[in-house]
Amino acid sequence: MEKSLSLTSELRQQQKLTPLQVQFVRMLEMTGPEAEEEVRRALDEMPALEAVDDSTASEAQSTEDGALFTESDRDMQRADFRSDDDVPDYLADSTPTTAAVKGEFEFDAPVATRRSFDSVASMPEPTSGTDDETLLDTLTSQLNELSFDDTDRRIAQYIIGSIDNNGYLTRTPRAIADDLAINEGMWVEATDVERVLHLIQQMEPAGVGATDLRECLLLQLQRLPRSAESLTAREVIASYFDLFTKKHFDRIASAMGISRDDLDNALAVISRLNPKPGSALASNALDERTRHITPDFAVETDAAGNLSLTLLNRIPELRVEATFNNEGALTGSNEKRLEEARMFIRRKRDDARNFIKVVSLRQETLFKVMSAILRLQHKFFITEQDEDIRPMVLRDIAAITGYNLSVISRATQGKYVATVRGIYPLKKFFNEKLRDDNEQVTANRIIAEIKNAIANEDPTNPLSDREITARLEAAGFDIARRTVAKYRENLGFPVARLRKRR
């Protein structure tokens, strides 16, 4: 068989990100505190980068030839493209990056600025410090008052360290025994861990050290004075916990051979127990700090319904350190060493300039995306009612800003906006129409209607999903029952039977 050689041509389109674009994408995804930390890290690691002090903020930077540096951030971004035809629309215009939003679709003169968090008096910084005793402190203090040998004390300390802020043990005795063997070089049996755990479960608060809700409730019931109600409550939790969680109270009373009134008395005892015994104590300061949400934007409304937007951050103004702008001042007799020094200065200066460019572009991108959201969701920011959130998708923001959909997605991921009434995730404002023929039927509107229906229902006769669906249909929302059930579950509401109160 003869083999023939032939040439073929293939057209392939491939997109590659430059290192600068990768750095920008990474920083755009960061939250405000993460971006601030990244800037602090860069100031520590980049010798050519410095923060502008207030006393020197008005000083102009100079270029390599000593002339004034007058390029704006847009000028530097446009310089990355080979020709004017390649420059995207959002860089070609000269629209300012700060604006006040007036009316539903009207942008007026720039009055909102990128102020720092400190300058927004109505938006204080979330605090995390606490002088209260933590659950760990409480358990450790009680442990020190007990007589343990060295082995049991180390087991107890490891168990206490495995208890979460709600008071529950997050590791099994077997896993704790393995951890002690691997991390501490202690060879103990799971039965030893269980023995010490039983002692810790006698500590305060009652219920601490439980592995699940059932055990937590039983530990608390065991400490109550003996009475008909407490003994009945213990039997309910010990033997009929599944029926209890599903509120099949009539079945429990029938199985136990008691009247419904006697069962109700026992249920009243259970209702006074604490399902999260550790929550009454202050949690670890680090955990407290991670729970705080730091908003990235602040929106203020005046009496005329005008909105002003502020980008909140503590990112200082950055510039290239002066000595790195004058490599010509270097002198020396060794030309090779001199050239290496100049190359070092150029490299560090370019790194600093690129970082400044990335930070500037991040700030501008965030502001323009949030401004577009305000433009489309103006009514919500006036009323702050969920039913006023209009249909909006990434494409709508892209049409206003000119940004790529992936850029908008990264700019809104994990970001929050603060208003006078609360703090909202930016993702809250993205929702599609459930019906193409009616812009009012959106996910947020349906969720608001479901919340309102459940909030105003009769607690002794709560609404079923079918009844909620019927109410929505009467109000003009043609929604399937399974859709109502999905949104109800997402809101954290149980089925009607579990919401019923006597």
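Visitor: Which backbone oxygen does the side chain of Ser271 reach?
Guide: In this predicted model, Ser271 belongs to helix H13, which covers residues 260-271, and Ser271 is exposed, with a relative accessible area of 56%. Its side chain nevertheless has a partner within the protein, for at 2.7 Å it reaches the backbone oxygen of Ala268.

Visitor: How are H10 and H13 oriented to each other: roughly parallel or roughly perpendicular?
Guide: Helix H10, made of residues 228-239, packs with H13 at an angle of about 80°, and their axes lie 8 Å apart. Angles of 65 to 115 degrees count as roughly perpendicular, and H10 and H13 are therefore roughly perpendicular to each other.

Visitor: How many of the residues in the contact of H10 with H13 are nonpolar?
Guide: From H10, the residues Glu229, Thr232, Ala233, Val236 and Ile237 take part, and they meet Leu263, Asn265, Ala266, Val269 and Ile270 in H13. Divided by character, the residues of this contact include 1 charged and 2 polar, while the number of nonpolar ones is 7.

Visitor: Which helices do the buried residues of H9 pack against?
Guide: The buried residues in H9 are Cys216, Leu217, Leu218, Leu219, Gln220 and Leu221. These buried residues of H9 pack against H10, H11 and H13.

Visitor: Which residue caps the N-terminal end of H9?
Guide: Helix H9 spans 213-221, and the backbone nitrogen of Arg214 lies 3.3 Å from a side-chain oxygen of the capping residue. The residue that supplies this oxygen at the N-terminal end of H9 is Asp212.

Visitor: Which residue does a cis peptide bond join to Pro205?
Guide: Pro205 is found in the loop between helix H8, residues 190-200, and helix H9. The peptide bond in question has an omega of about 0°, and the residue that it joins to Pro205 is Glu204.

Visitor: What is the relative accessible area of Lys247, which has a positive phi although it is not a glycine?
Guide: Lys247 has a phi of about 60° and lies in the loop between helix H11 (241-245) and helix H12 (249-256). Partly exposed residues fall between the cut-offs of 20% and 50%, and Lys247 is partly exposed because its relative accessible area is 28%.

Visitor: Is Glu384, which also has a positive phi, buried or exposed?
Guide: Glu384 is not a glycine, yet its phi is about 55°, and its place is in the loop between helix H16 (378-383) and helix H17 (394-401). With a relative accessible area of 10%, Glu384 is buried.

Conventions
Residues numbered from 1 in each chain as written. Predicted model: local features only at pLDDT ≥ 70, side-chain atom pairs only at ≥ 80, totals over all residues. Heavy atoms only, no water. Helix = DSSP H or I, 4+ residues; strand = E, 2+ residues; numbered from the N terminus. Buried < 20%, exposed > 50% of the residue type's maximum accessible area, 1.4 Å probe, protein only. Polar contact = N/O pair within 3.5 Å; in protein donor to acceptor, adjacent residues only side chain to side chain. Axes fitted to C-alpha atoms, helices over the stretch in contact; angles between N-to-C directions. Parallel < 35°, antiparallel > 145°, perpendicular 65-115°, else oblique. Contact = heavy atoms within 4.5 Å. Nonpolar A, V, L, I, M, F, W, Y, C, P; charged D, E, K, R; others polar.
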